[in-house]
Amino acid sequence: MSPPLVPFDREEAILSNEKTYDDTAEVDVIRGAPRDPSRDAGVPSDGLGCHSGSEMKKAAELAGNTELLDRYAADYPQGPHDKPQSMCPAFGSLRVGLRMKRVATVLSGSACCVYGLTFVSHFYGARRSVGYVPFNSETLVTGKLFEDIRDSVHEMADPDRFDAIVVTNLCVPTASGVPLRLLPDEINGVRIVGIDVPGFGVPTHAEAKDILAGAMLDYARAEIKAGPVAAPTGGKSDRPTVSLLGEMFPADPMMIGAMLAPMGLAAGPVVPCREWRELYAALDSQVVAAIHPFYTAAVRSFQAAGRTVVGSAPVGRDGTAAWLKAIGEAYNVPAAQIAAAQNAFLPAIEGALAGAPINGTITLSGYEGSELLVARLLVESGADLRYVGTACARSEWSEPDRVWLEDKGIKVQFRASLEDDCAAMEGVRPDLAIGTTPVVQKAKELGIPGLYYTNLISARPLMGPAGAGSLAEVVNAAIAGKERMDSMKAFFEGVGSGDTAGVWEGSPNLRPDFRAAHQKKLEKKARAAKAEQMI
């Protein structure tokens with residue numbers, strides 16, 4: 001009997017009981033059985049949704065996942081909220097798996113969550129199917145869901161097609177204690193990596209990337225201990241390498257490699273990696289650059305392998321000088337060679353910054369984890385930066401950037417909430433607000449130009465001379481649009497909010513009498529509640 005693994009990529013794969021998804025792009029990862037709607041589960045039977053925070057956490061603890069949640073609480077300390085304010089965290093780990101060659105991805109979670117995650121994944125360019133093991137209350141409670149997952153990975157474990165299969169528990173299976181740790185480590189030579197990424201334990205999608213990256217590094221480290229492993233596709237470097245921790249613009253690793261060359265060093269693999277064997281090469285580097293500072297589990301794995309970790313990144317003049325010095329010292333490079341590397345690139349960075357100045361007051365916020373690096377670049381470009389908010393937590397590897405920014409009088413807020421970011425923007429009233437979608441929306445409602453951080457800012461080169469002038473064009477163009485924002489605000493004044501919200505063919509039907517009557521009911525209810533408290 002075929003296990004209940006179904007594709008979950010297009011709307012017809014959700015709505016039809018007859019059609020399976022045949023990927024026409026890079027890989028046809030899964031060809032599953034037709035979907036049985038009776039097996040799908042949307043939310044738990046008690047009505048709690050996947051973002052119900054503390055209630056789901058209590059359920060997970062009762063189901064025996066206390067150790068897992070304690071580790072996540074230490075690795076990814078919560079902010080002012082017990083649930084994410086951005087997209088589902090599992091998108092981060094899902095994206096990491098989908099970008100790897102010969103790696104299949106299977107999700108176990110509520111149908112609505114799986115649909116949303118696969119939709120966003122394909123929106124961001126995923127070119128392969130996502131496996132889905134559906135469930136209902138019965139299979140969840142009886143343990144049949146775990147058996148279905150196990151049967152599915154056994155069917156998929158084809159070494160001619162895959163190096164690894166990543167199985168991810170979303171909120172409901174994690175809260176129910178579905179034990180992915182009991183899956184085999186390997187089937188027919190295909191590695192099985194099981195992870196839990198619940199919205200009530202992982203604050204951001206950035207940190208979910210770390211969960212999968214750390215799990216893969218741990219697995220690869222165990223393989224290295226057990227015996228010889230595959231060499232990198234391009235061969236082993238003839239120079240000592242520096243592994244780079246954090247997703248970045250494709251040109252940045254090449255620029256970093258060029259800056260390392262005068263010291264006799266080379267850029268190693270970027271973690272998260274694009275294929276499994278790159279994990280071995282990453283662990284082979286004696287020094288790891290934590291370009292993005294939130295990779296707690298990955299850093300722990302590197303340190304367990306005896307590797308030295310260096311924080312910050314070569315952004316701007318000061319950042320590049322300090323980073324090259326730290327990397328050189330970690331490799332015991334002679335001071336003269338470190339100076340040679342600095343002298344080869346710092347003048348070019350200074351020239352690029354001077355040639356692309358930014359003039360204006362800016363507030364900056366985001367949830368990608370690179371916000372402090374972008375902030376440094378904006379400041380060295382001449383921007384009057386007043387506030388930096390990142391949804392990620394403070395860590396040892398972000399300290400150089402925090403100190404540099406705060407020494408210049410800039411407010412740095414770790415684990416910033418949407419309320420923090422909006423309050424800063426409304427308080428400063430900057431010439432430009434760079435932030436997440438709701439922050440930018442709020443700014444534009446106020447007539448303040450705004451730029452979406454993820455697509456318009458973080459998706460640009462940041463390192464070395466290439467990054468020095470990369471932000472000026474888009475930032476200055478946005479600031480220059482202030483007059484256009486003012487005219488649009490004036491044109492739409494009084495439309496689209498309050499009583500005028502919605503679509504009207506004529507004038508809105510204003511009923512202040514209804515509002516007054518409703519207000520009286522609220523006041524009466526409040527008085528009754530206060531009277532009960534006095535009793």
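Glu368 lies in the loop that runs between strand 11 (361–366) and helix 15. In this predicted model, Glu368 counts as buried because its relative accessibility is 10%, and the cut-off for that class is under 20%. Apart from neighbours within four places in sequence, Glu368 is in contact with His205, Ala206, Lys209, Phe294, Tyr453, Thr454 and Ser458. One of these partners, Ser458, stands 90 residues away along the chain, yet the C-alpha atoms of Glu368 and Ser458 are separated by 7.9 Å.

**Helix 15 and the largest cavity**

The loop holding Glu368 leads to helix 15, which spans residues 371–380. Is helix 15 enclosed by the rest of the structure, or open? It is largely enclosed, because 10 of its 10 residues are buried. The buried residues of helix 15 include the charged-type side chains Glu371, Arg376 and Glu380, and also Leu372, Leu373, Val374, Ala375, Leu377, Leu378 and Val379. After helix 15 comes Gly382, which has a positive phi, near 105 degrees.

Helix 15 also takes part in enclosing empty space. The structure contains 2 cavities of 30 Å³ or more, and the largest has a volume of about 110 Å³. Its lining is made up of 16 residues, and those nearest the centre are Pro293, Gly369, Leu372, Ser398 and Phe414. Which element gives the most to this lining? Helix 15 does, with 3 residues. By class, the lining of the largest cavity comprises 9 nonpolar, 5 polar and 2 charged residues.

**The second largest pocket**

A separate feature is the second largest pocket, which holds about 760 Å³ of space. Its lining counts 27 residues, with Arg71, Arg181, Gly194, Ile195 and Ala215 nearest the centre. Two or more lining residues come from each of helix 3 (66–75), strand 6 (190–196), helix 9 (205–226) and helix 12 (296–304). The lining of this pocket divides into 15 nonpolar, 4 polar and 8 charged residues.

**Salt bridges**

Side chains of opposite charge can pair when their charged atoms come close. The structure holds 20 salt bridges, and three of the pairs are set out below.

| Pair | N to O distance | Relative accessibility |
|---|---|---|
| Asp163 and Arg102 | 3.0 Å | Arg102: 31% |
| Asp384 and Arg386 | 2.9 Å | Asp384: 31%; Arg386: 39% |
| Arg511 and Asp513 | 2.8 Å | Arg511: 44%; Asp513: 41% |

The salt bridge between Asp163 and Arg102 links distant parts of the chain, the two residues being 61 residues apart. Asp163 sits in the loop between helix 7 (144–156) and strand 4 (164–169), while Arg102 sits in the loop between helix 4 (90–98) and strand 2 (103–108). Arg102 counts as partly exposed because its relative accessibility is 31%.

In the pair formed by Asp384 and Arg386, Asp384 is partly exposed at 31%, and Arg386 is partly exposed at 39%. In the pair formed by Arg511 and Asp513, Arg511 is likewise partly exposed, with a relative accessible area of 44%, and so is Asp513, with 41%. Besides these pairs, Arg394, Glu399, Arg402 and Glu406 are linked in a network of salt bridges.

**The protein as a whole**

The protein contains 23 helices and 15 strands. Of its 535 residues, 52% count as buried. How many of the contacts between residues at least 6 apart in sequence join residues at least 24 apart? The share is 73%. The contact list of Glu368, with partners such as His205 and Ser458, and the salt bridge between Asp163 and Arg102 give individual cases of residues brought together from separate places in the chain.

**Confidence**

The average pLDDT of the protein is 86, and 90% of the residues score at least 70. Over residues 6–47, however, the pLDDT is below 50. This stretch nevertheless has 98 contacts in the model beyond near neighbours in sequence. Where pLDDT is low, the predicted coordinates should not be read in detail.

Terms used:
Residues are numbered from 1 along each chain as its sequence is written. This is a predicted model: local features need pLDDT of at least 70, side-chain atom pairs count only at pLDDT 80 or more; totals for chains, interfaces and linings use all residues. Side-chain values use heavy atoms; hydrogens and water are left out. pLDDT is the predictor's confidence in each residue, from 0 to 100. Contact means heavy atoms within 4.5 Å. On a 1 Å grid over the protein atoms alone, a cavity is a set of points where a 1.4 Å probe fits but cannot get out, and a pocket is an open set with protein on both sides within 12 Å along at least five of seven lines; lining residues have an atom within 4 Å of a point. Grid points are joined across faces, edges and corners, and a volume is the space filled by probe spheres set on the points. Helices (H or I, at least four residues) and strands (E, at least two) are DSSP runs, numbered from the N terminus. A salt bridge is a side-chain nitrogen of Lys or Arg within 4 Å of a carboxyl oxygen of Asp or Glu. Buried means under 20% relative accessible area, exposed over 50%, partly exposed in between (1.4 Å probe, protein chains only).
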